[in-house]
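Visitor: I would like to go through this structure by question and answer. Please show it before we start.

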Amino acid sequence: MTVAERLSFAVHLYVHVPFCGRRCSYCDFAIAVRSATPDRDFLAAIAAEWQGVGAGAMAPGSAVDTIYFGGGTPSRLDPASIAALITLLGADHSLTPDAEITLEANPDDVTPAAADAWRAAGVNRVSLGVQSHRPHVLEWMHRTHRVEQVAPAMAALRAAGIDNVSVDLIFALPAELQRDWSADLEETLALAPSHVSLYGLTVEPHTPLARWTERGSVIAAPDDRYADEYLLAHAVLGVAGFTFYEISNAALAGRRSRHNSAYWNGAGYLGLGPSAHSFADGVRRWNVRDWVEYQRRAASGGILVAGEEVLDSTARRLETLYLGLRTNGGIAASLLAPDLAARWVGAGWAVVQDERLTLTVEGWLRLDALVAAARDS
């Protein structure tokens, strides 16, 4: 079966833009630190991948429903390059009339001119990497933006007509930072975002944070504080009208991320760029991770795919469990042994309604352990 056949129903596109001004202390993503972003080379490489595999990987007559520019820092691209990419991706397969086009952006990249250009190009959703409203925390994270740049960025986006804005926050930071999580939540709500994404800090290998932890200069937050801060976020955002539709994502009515929801619902998607993943019909593949190698292969017509896995029935069941339990839609209760489901409900970790089992907030805090128990049942 060819790649095109496997991805014949992919209508969700992800474009990985790897470029960053610096690497954040906690980041292990596939990025390329550059003082100047090589827009021309990147556009040529994406065009080569799209024309060689991407455009043909969609069924004739199908339309692109979502595009997500992630990274890295996509907002470091010239706005004209974002426009060129959207034009490229919509040329062979038209965009749906209400296509969701998301751009990840750092606050320091958002200017009135950039926001206007993004909106004119078709961007209608921005994921803003705020992370914290505390200056010393941003410095510790190695973020490139300053606290005072966040509110003007939000204002510029709204003035440009982009009112669907998500704010990213990181919680469970080391105690020595004395970060006021409650204040960060309130200051986020003062920005009036339509969506909030929360990420608990994790120590990834080969990052500055990992080195700090190994030598004992940083001590990771204990599990109980992780849980307390997660529960506080649920309470504060819930009062403000947000619904957690996924373990890490909360939205106002009608503002869920359609692109990310496609992942969690098991839909097919096509990834372009270094390290980008694609999935359809039980087959997952991923591109080479390094930008220089990706660009070299794209320029020479080489193979960009670094690996592939075919999910067997056991793996597909596990993925269905894991993705479904992450969301407030849950899973069919019949996927679990009745005694296991009863134990979860009795412990307050899940509820069953209309033959659907969904995890409670307390259950989400135990997601990995619960999925492991379901796998082994």
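Visitor: At roughly what angle do the axes of helix 3 and helix 4 cross?

Guide: This is a predicted model. Helix 3 covers residues 79–91 and helix 4 covers residues 112–121. Their axes come within 9 Å, and the crossing angle is roughly 10 degrees.

Visitor: Is helix 3 roughly parallel or roughly antiparallel to helix 4?

Guide: The axes cross at roughly 10 degrees. Angles under 35 degrees count as roughly parallel. Helix 3 is therefore, relative to helix 4, roughly parallel.

Visitor: How do the residues of the contact of helix 3 with helix 4 divide into nonpolar, polar and charged?

Guide: Helix 3 contributes P79, I82, A83 and I86. From helix 4 come A114, A117, W118 and A121. The division is no charged, no polar and eight nonpolar.

Visitor: Which residues have the most contacts inside the largest nonpolar core?

Guide: In soluble globular proteins, nonpolar side chains tend to be buried together. The largest nonpolar core here has 80 residues. Another core, of 15 residues, lies apart from it and includes V137, W140, M141 and L173. Inside the largest core, the residues with the most contacts are W118, W344 and L357.

Visitor: Which residue in strand 10 does E246 stand opposite?

Guide: Strand 9 (residues 243–246) and strand 10 (residues 249–251) run antiparallel and are joined by three bridges. The two strands form a hairpin, with two residues between them. Opposite E246 in strand 10 stands N249.

Definitions and conventions: Residues are numbered from 1 along each chain as its sequence is written. This is a predicted model: local features need pLDDT of at least 70, side-chain atom pairs count only at pLDDT 80 or more; totals for chains, interfaces and linings use all residues. Side-chain values use heavy atoms; hydrogens and water are left out. Two strands pair if DSSP finds at least two bridges between them. Helices (H or I, at least four residues) and strands (E, at least two) are DSSP runs, numbered from the N terminus. Axes are lines fitted to C-alpha atoms, for helices over the stretch in contact, and angles run from 0 to 180 degrees between N-to-C directions. Angles under 35 degrees count as roughly parallel, over 145 as roughly antiparallel, 65 to 115 as roughly perpendicular and the rest as oblique. Contact means heavy atoms within 4.5 Å. Ala, Val, Leu, Ile, Met, Phe, Trp, Tyr, Cys and Pro count as nonpolar, Asp, Glu, Lys and Arg as charged, and the others, Gly among them, as polar. A nonpolar core is a set of buried Ala, Val, Leu, Ile, Met, Phe, Trp, Tyr and Cys residues joined through side-chain atoms within 4.5 Å. Buried means under 20% relative accessible area, exposed over 50%, partly exposed in between (1.4 Å probe, protein chains only).
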